[in-house]
Amino acid sequence: MLKINNAKKRYPAFELDCSMEVHPGEIVGLIGKNGAGKSTTFSLTLGLDRLDGGEIELFGKPIQELDDQIKQKLGVVLSDSTFNGNLTIQSIQNILKAMYTKFQPRFFEEKVKAFELPRKQAIRTFSTGMKAKLNILIALSHQAEFLILDEPTSGLDAIAREEILDMLRSYMEEDPDRSILISSHISSDLETLCDQVFLIDQGKMIFHSDMDTILSKYGILKVSPSQFETMDKSYLVKVKDETFGKVCLVNEKQYYLENEPELVVENANLDTLFTMYVQGESK
Ligand SMILES: Nc1ncnc2c1ncn2[C@@H]1O[C@H](COP(=O)(O)OP(=O)(O)OP(=O)(O)O)[C@@H](O)[C@H]1O
């Protein structure tokens with residue numbers, strides 16, 4: 001679906017060099033703190049920015065050859081993407097109908113109603129949440145094979161976020177070959193949705209794993225300085241100083257549960273893993 005091989009972008013104060021893949025049937029999450037390079041990766045993937053090196057292939061074709069046929073197969077939400085603010089949902093629907101051969105008017109109208117979005121009001125008057133809902137509806141409205149979603153749930157309350165995540169799950173269930181690449185600041189959203197997760201920091205991919213491995217293997221140990229001195233460090237990935245001692249990220253929590261019963265082993269989630277990878281030190 002998508003293959004990014006050492007894609008490079010150089011700005012005066014930032015350099016991106018990243019590789020990642022999205023296979024058919026996968027939901028892949030991209031996490032990174034503000035300014036890590038997520039939006040730059042998305043822009044390069046869509047050919048909106050010029051590559052300074054490396055290769056990107058979408059549907060098996062170099063991104064430089066992105067044509068209308070491929071664009072029909074993509075559903076996109078970009079953080080700054082929106083239609084002209086004077087347009088209404090009514091007029092946007094007409095535009096989408098003309099743009100996409102597989103535009104689904106019934107789906108679009110049903111969801112507009114379900115989200116209680118006004119059809120005849122200029123979209124510049126919409127709240128952040130209303131705009132976010134509209135953007136995701138637009139991306140889902142033409143039976144795309146691949147969704148590329150940069151922060152699609154940003155600005156949404158918990159209930160609306162869950163509705164969007166459910167829509168994405170239904171979208172995947174309709175066709176096993178569909179894929180999603182999604183970024184979010186809200187790790188819990190990605191945790192319940194994604195099959196694979198990539199972590200980007202300062203323009204580089206610093207971690208990649210499938211979600212099952214993260215949840216089943218990774219753990220957090222909170223240890224005193226003396227416990228840290230004596231503990232087995234074979235599966236220690238990152239360490240961070242805290243007032244009580246150290247927080248340790250380990251990638252074989254079962255080993256510590258079985259062999260170091262005096263240590264408290266907590267499950268790692270995407271949030272803790274992200275924090276430890278970005279703020280922690282390697283052993
Ligand atoms: N056109 C540009 N010119 C110069 N620097 C840029 C340009 N676009 C992005 N950058 C820089 O590239 C870096 C990465 O930005 P990017 O928007 O990709 O981060 P991000 O991970 O999407 O952040 P956020 O979560 O805040 O949206 C930032 O330091 C940003 O200032």
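**Strand pairing and selected residues**

Strand 4 and strand 5 (residues 61-62) run antiparallel and are joined by 2 bridges. This arrangement belongs to a predicted model, and strand 4 makes a good starting point for a reader new to it. Within this pair, Glu57 is found opposite Pro62 of strand 5. The two strands form a hairpin with 2 residues between them, where Phe59 adopts a positive phi near 50 degrees.

Strand 4, which covers residues 53-58, also runs antiparallel to strand 1 (residues 2-11), and 5 bridges link these two. Here Asn5 faces Glu55 of strand 4. Strand 1 also holds Asn6, a residue that is not a glycine and yet has a positive phi of about 50 degrees. Asn6 is exposed, because 12 other C-beta atoms lie within 10 Å and the cut-off for an exposed residue is 12 or fewer.

A further positive phi occurs at Gln143, again near 50 degrees and in a residue other than glycine. For context, most residues other than glycine have a negative phi. Gln143 sits in the loop that runs between helix 5 (128-140) and strand 7 (146-150). Gln143 counts as partly exposed, with 18 C-beta neighbours inside 10 Å.

Leu181, part of strand 8 (residues 179-183), offers a look at a buried position. Because 25 other C-beta atoms lie within 10 Å, Leu181 counts as buried. Apart from neighbours within four places in sequence, Leu181 is in contact with Leu2, Val22, Val28, Leu30 and Ile148. Lys38 is 143 residues away from Leu181 along the chain, and the C-alpha atoms of these two residues are separated by 11 Å.

Note on methods
Residues numbered from 1 in each chain as written. Predicted model: local features only at pLDDT ≥ 70, side-chain atom pairs only at ≥ 80, totals over all residues. Pairing = 2+ DSSP bridges. Helix = DSSP H or I, 4+ residues; strand = E, 2+ residues; numbered from the N terminus. Buried ≥ 20, exposed ≤ 12 C-beta atoms within 10 Å, placed from the backbone. Contact = placed C-beta atoms within 7 Å.
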